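Hi,

Here is the structure I promised to pass on. Have a look at it first, and then read my notes below.

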Amino acid sequence: MRLLPLILLCCSGCSHMAQDSWTGKDKAEHFFSSAFLSAAGTAYGERQNWHESHSGGFGLLFSISLGAGKEFYDSREAGSGWSWKDFSWDIAGAATGYALWNTAR
């Protein structure tokens with residue numbers, strides 16, 4: 001049941017895809033903003049006295065869902081197009097933010 005949103009996203013047929021490269025200024029922005037959001041989401045969960053795994057899961061999903069929302073917004077007709085490369089950098093950043101948060105604790 002948890003995979004249903006991901007499956008629907010992958011099969012939804014975005015209006016258009018971005019023609020971008022794996023490197024560039026926007027990729028660093030995706031990475032670092034996702035890392036920050038993941039760490040912030042994890043910190044929020046800890047401040048709510050959630051279990052460590054629940055806080056970490058919340059931080060990761062918070063960051064990744066915002067990245068997916070951004071790509072969904074970009075996929076509209078007037079947008080730059082869905083970019084799996086941007087989304088990959090979002091996921092890498094979220095994982096890094098989670099790891100750095102746990103390392104710093």
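**What I found**

Starting at the N terminus, the elements of the chain follow the order α-α-α-α. That makes four helices and zero strands. Keep in mind that this is a predicted model.

**Confidence**

The chain has a mean pLDDT of 87, and 86% of its residues reach 70 or more. Helix H1 (residues 4–11) has the lowest mean pLDDT among the elements, at 60, while helix H2 (residues 25–47) has the highest, at 95. Where pLDDT is low, the predicted coordinates should not be read in detail.

**The chain overall**

Of the 105 residues in the chain, 30% are buried. If you take the contacts with a separation of 6 or more, 69% of them are between residues 24 or more positions apart. The accessible surface adds up to about 6800 Å², and carbon and sulfur atoms account for 67% of that.

**Helix H4**

Does the length of H4 agree with what its residue count predicts, and what should it span? H4 (residues 84–104) has 21 residues, which at 1.5 Å a residue should span 30 Å, and its end C-alpha atoms are indeed 30 Å apart. Its buried residues are Asp86, Phe87, Asp90, Gly93, Ala94 and Gly97. Looking down the axis of H4, you see these buried residues within an arc of 115°, so they line one face of the helix. An α-helix has 3.6 residues a turn, so residues three or four places apart point the same way. As for what covers the buried residues of H4, the cover includes H2 and helix H3 (52–74).

**Helix H3 and two of its residues**

H3 has 23 residues and reaches 33 Å from its first C-alpha to its last, close to the 33 Å expected at 1.5 Å a residue. The buried residues here are Ser55, Gly56, Gly59, Ser63, Gly67, Ala68, Glu71 and Asp74. I looked at two of them in more detail.

Take Ser63 in H3 to begin with. Ser63 has 1% relative accessibility, so it counts as buried. Which residues is Ser63 in contact with, once neighbours within four places in sequence are left aside? They are Ser34, Leu37, Ser38 and Ala94. Along the chain, Ser63 and Thr42 are 21 residues apart, and their C-alpha atoms are separated by 9.8 Å.

Gly67 also lies in H3. With a relative accessible area of 7%, Gly67 is under the 20% cut-off, so it is buried. Not counting residues up to four places away in sequence, Gly67 touches Phe87 and Asp90, and both of these are among the buried residues of H4. Gly67 and Leu37 are 30 residues apart in sequence, with 9.9 Å between their C-alpha atoms.

**Ser38 in helix H2**

Ser38 is found in H2. Is Ser38 buried or exposed? It is buried, and its relative accessible area is 0%. Leaving aside neighbours within four places in sequence, Ser38 is in contact with Gly59, Leu60, Ser63, Ala94, Gly97 and Tyr98. Among these, Gly59 and Ser63 are buried residues of H3, and Ala94 and Gly97 are buried residues of H4.

**Aromatic rings**

How many aromatic pairs are there? The count comes to nine. One of them joins Tyr44 and Trp50: the ring centres are 5.7 Å apart and the planes are at 85°, so this pair is edge-to-face. Trp50 also pairs with Phe58, with centres 5.3 Å apart and planes at 80°, so that pair is edge-to-face too. Angles over 60 degrees are what count as edge-to-face.

Tyr44 is partly exposed, with a relative accessible area of 43%. Trp50 counts as partly exposed as well, at 31% relative accessibility, and Phe58 is partly exposed with a relative accessible area of 31%. Ring pairs link Tyr44, Trp50, Phe58 and Phe62 into a cluster.

If you open the model, I would start with Ser38, which is in contact with Ser63 and Ala94, and then go to the ring cluster that includes Tyr44 and Trp50.

Cheers

How values were computed. Residues are numbered from 1 along each chain as its sequence is written. This is a predicted model: local features need pLDDT of at least 70, side-chain atom pairs count only at pLDDT 80 or more; totals for chains, interfaces and linings use all residues. Side-chain values use heavy atoms; hydrogens and water are left out. pLDDT is the predictor's confidence in each residue, from 0 to 100. Helices (H or I, at least four residues) and strands (E, at least two) are DSSP runs, numbered from the N terminus. The expected span of a helix is 1.5 Å times one less than its number of residues. Buried means under 20% relative accessible area, exposed over 50%, partly exposed in between (1.4 Å probe, protein chains only). The arc is that of the directions from the helix axis to the C-beta atoms. Contact means heavy atoms within 4.5 Å. Accessible areas come from the Shrake-Rupley method with a 1.4 Å probe; for residues, only the protein chains shown count as cover. Rings of Phe, Tyr and Trp (its six-membered ring) pair if their centres lie within 6.5 Å; planes under 30 degrees apart count as stacked, over 60 as edge-to-face and the rest as tilted.
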